[in-house]
Amino acid sequence: MPPARTQIHDLVQTYLQHHPGERAALTPLLDLLDTGPAPTSRATLSAHVTCSAVVIRPDQTVLHIHNKVTGLVTCPGGHVEDGDETLLATALREVHEKVGIPPGALCLTPQALTTPVDIDPKPAKGGARQHFDFRFAFCHLPDAADVALQPKAFTGAEWRPLDRVASPSLRAKLAAAAFTGQAEPVNASVLIHHDGRYLLHLRDYYPGRIWAPGEWSLLGGGREPQDATLTDTLLRELAEEAPGLTLTDLQPFAVERATGVDALCVPIQIYTARWSGDPDTADLREGVLLHWFTPDMLHRLLLRPSTIELVHRHAAEHPPASRPAKVPGSQAVLNVVGVHLYLEDDQGRILLGLRHPDAAYAPDTWHLLAGHCEQESAVACLVREAMEEAGLVIDPADVEFAHAVHLVDAPGSQPRLGLFFRVRSWKGTPELREPDRCTAWKWWHPDDLPEQLVPYTRAAIAGIQASRAYTELGWE
């Protein structure tokens with residue numbers, strides 16, 4: 001669905017905080033957002049919103065295209081489509097469709113971030129209605145490919161110096177904000193270490209709502225307009241995610257490139273810092289878990305390869321003075337990382353197994369097919385357990401992460417981390433291959449689950465079912 005009125009209204013108000021002298025010119029837009037018809041629909045004849053991409057290269061030139069129909073030279077842009085969830089997404093789609101530049105070749109600018117650098121009220125073709133053009137600025141990465149012009153509507157493209165930008169209002173904004181065109185970090189994260197261990201953060205599994213859902217990552221986040229420096233960004237994010245986590249020896253280490261939720265390239269300033277606390281006692285406000293890991297454990301985690309490379313690079317440059325002493329529970333956490341298979345048949349029923357009466361945990365209760373990781377990845381463990389327990393053949397490429405549950409079985413016991421996966425397809429019919437662990441397999445409708453169901457299994461099924469309300473997983 002197109003961007004909500006409130007979202008656009010907030011963008012305009014943020015823009016007017018920086019450009020209060022334009023309020024009178026944008027009053028018709030505010031009226032349209034408050035009481036008028038659909039503000040992003042081209043069927044709204046009096047006025048509607050359009051979006052453009054202001055693409056700036058490191059040599060401080062700005063991309064322009066030549067329109068066949070109007071003869072105008074403008075930045076690439078166009079109308080909002082139903083599939084555009086934000087106005088920023090419209091600008092990215094338009095520059096990709098018209099000029100061939102993918103979002104991964106662009107990054108946000110520190111000067112504007114996700115706020116338009118210019119909002120231009122201009123008459124549309126023929127003057128019968130008005131366009132309010134939201135212009136978003138992007139840096140073009142120096143190693144990105146050249147443009148590939150869409151030939152139907154445009155006769156050519158050119159890169160103009162800042163002082164020759166076609167739009168006078170945009171030209172003035174770019175000059176006043178001192179846009180450099182250099183791809184600068186707009187996010188900040190920290191590599192926290194102590195005695196050869198590295199602190200990682202297990203993120204919530206909210207696909208489409210947060211970056212890297214369900215992955216282990218470094219603490220940190222995106223720059224906001226009030227942050228004077230990236231150090232301010234990092235300290236603010238730490239105060240929001242884990243207040244009371246006091247770091248020492250904070251210093252820049254490297255710049256990492258990641259891909260954001262909107263597919264833009266995100267340069268991240270990586271800092272290093274020291275902390276010697278117990279993550280189990282940290283006041284974690286966002287995410288699922290904080291935990292110490294040594295570099296040799298990282299291959300067992302769902303973790304971006306670039307982050308693994310950063311840890312190994314730092315570990316090679318800063319070897320510990322002695323073999324790391326054990327942190328209470330550090331290795332034990334990995335020993336109780338369990339993988340679980342959420343399997344649905346073509347009728348939407350879920351496969352559950354009945355535990356043997358002599359089972360060590362939750363006897364005589366139903367559960368998902370599950371097992372504990374050995375010297376292997378979570379996906380490899382899932383594939384192995386599916387074959388060993390039920391004779392099911394699963395292709396690792398079909399495995400999707402679905403949910404995570406962090407629980408303590410009893411006061412004083414070691415916390416357990418359960419990772420729940422689902423698959424698109426499999427081969428075989430469930431068999432009783434380990435009758436000393438499971439005495440029956442049965443398909444259950446999600447609205448008619450057995451009363452004797454392992455509590456964390458019930459919680460995970462509820463979470464997976466609820467996730468369909470905010471994300472499209474695309475199961476066949």
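**Figure 1. Glu256 in strand β13 of the predicted model.** Glu256 counts as buried because its relative accessibility is 6%, under the 20% cut-off. This residue lies in strand β13, which spans residues 248–259. Its contacts, leaving aside residues up to four places away in sequence, are Val266, Pro267, Ile268, Ile270, Arg304, Ser306, Thr307 and Leu310. Ser189 is shown as a distance marker: its C-alpha atom is 9.5 Å from that of Glu256. Along the chain, Glu256 and Ser189 are 67 residues apart.

**Figure 2. Helix α5 and its cover.** Helix α5 runs through residues 230–241 and has 12 residues. From its first C-alpha to its last, α5 reaches 16 Å. That is close to the 16 Å expected at 1.5 Å a residue. Which residues of α5 are buried? They are Leu230, Thr233, Leu234, Arg236, Glu237, Leu238 and Glu241. An α-helix has 3.6 residues a turn, so residues three or four places apart point the same way. The cover over the buried residues of α5 includes four strands: β9 (187–194), β12 (219–222), β13 (248–259) and β14 (265–274). One of these, β13, also holds Glu256.

**Figure 3. Packing of helices α1 and α2.** Helix α1 covers residues 5–18, and helix α2 covers residues 23–35. The two pack at an angle of about 165°. Their axes are 10 Å apart. Because the angle is over 145 degrees, α1 is roughly antiparallel to α2. The crossing of α1 and α2 is left-handed. On the α1 side, the contact is made by Arg5, Ile8, His9, Val12, Gln13, Tyr15 and Leu16. On the α2 side, Arg23, Leu26, Leu29, Leu30, Leu32, Leu33 and Asp34 take part. By residue class, this contact has 9 nonpolar, 2 polar and 3 charged members.

**Figure 4. Pro116 in the loop between β5 and β6.** Strand β5 spans residues 106–108, and strand β6 spans residues 118–123. Is Pro116 of the loop between them buried or exposed? Pro116 counts as buried, because its relative accessibility is 4%. Apart from residues up to four places away in sequence, Pro116 touches Leu11, Tyr15, Phe134, Arg135 and Phe136. Of these, Tyr15 also belongs to the contact of α1 with α2. The C-alpha atoms of Pro116 and Arg135 are separated by 5.2 Å. The two residues are 19 residues apart along the chain.

**Figure 5. Pro2 in the segment before α1.** Pro2 counts as partly exposed, because its relative accessibility is 30%. Beyond residues up to four places away in sequence, Pro2 touches Thr40, Val80, Glu81, Asp82 and Asp84. Glu81 is 79 residues from Pro2 along the chain. In space, the C-alpha atoms of Pro2 and Glu81 are separated by 6.6 Å.

**Figure 6. Thr90 in helix α3.** Helix α3 spans residues 87–99. Thr90 counts as buried, because its relative accessibility is 0%. Which residues does Thr90 touch, not counting residues up to four places away in sequence? The list is Cys51, Gly78, His79, Val80 and Asp84. Val80 and Asp84 are also among the residues that Pro2 touches.

**Figure 7. Ala178 and Ala263, two loop residues with a positive phi.** Most residues other than glycine have a negative phi. Ala178 is not a glycine, yet its phi is about 55°. Ala178 lies in the loop between α4 (168–176) and β9. Ala178 counts as partly exposed, because its relative accessibility is 48%. Ala263 is not a glycine either, and its phi is about 75°. Ala263 sits in the loop between β13 and β14. Ala263 is partly exposed, with a relative accessible area of 32%. The strands beside Ala263, β13 and β14, are among those that cover the buried residues of α5.

**Figure 8. The whole chain, for orientation.** The chain has 476 residues, and 49% of them are buried. Its secondary structure comes to 9 helices and 22 strands. What share of the contacts with a separation of 6 or more comes from residues 24 or more positions apart? Such residues account for 69% of those contacts.

Methods
Residues numbered from 1 in each chain as written. Predicted model: local features only at pLDDT ≥ 70, side-chain atom pairs only at ≥ 80, totals over all residues. Heavy atoms only, no water. Axes fitted to C-alpha atoms, helices over the stretch in contact; angles between N-to-C directions. Parallel < 35°, antiparallel > 145°, perpendicular 65-115°, else oblique. Left-handed = near helix turned anticlockwise from the far one by under 90°. Contact = heavy atoms within 4.5 Å. Nonpolar A, V, L, I, M, F, W, Y, C, P; charged D, E, K, R; others polar. Expected span 1.5 Å × (residues − 1). Buried < 20%, exposed > 50% of the residue type's maximum accessible area, 1.4 Å probe, protein only.
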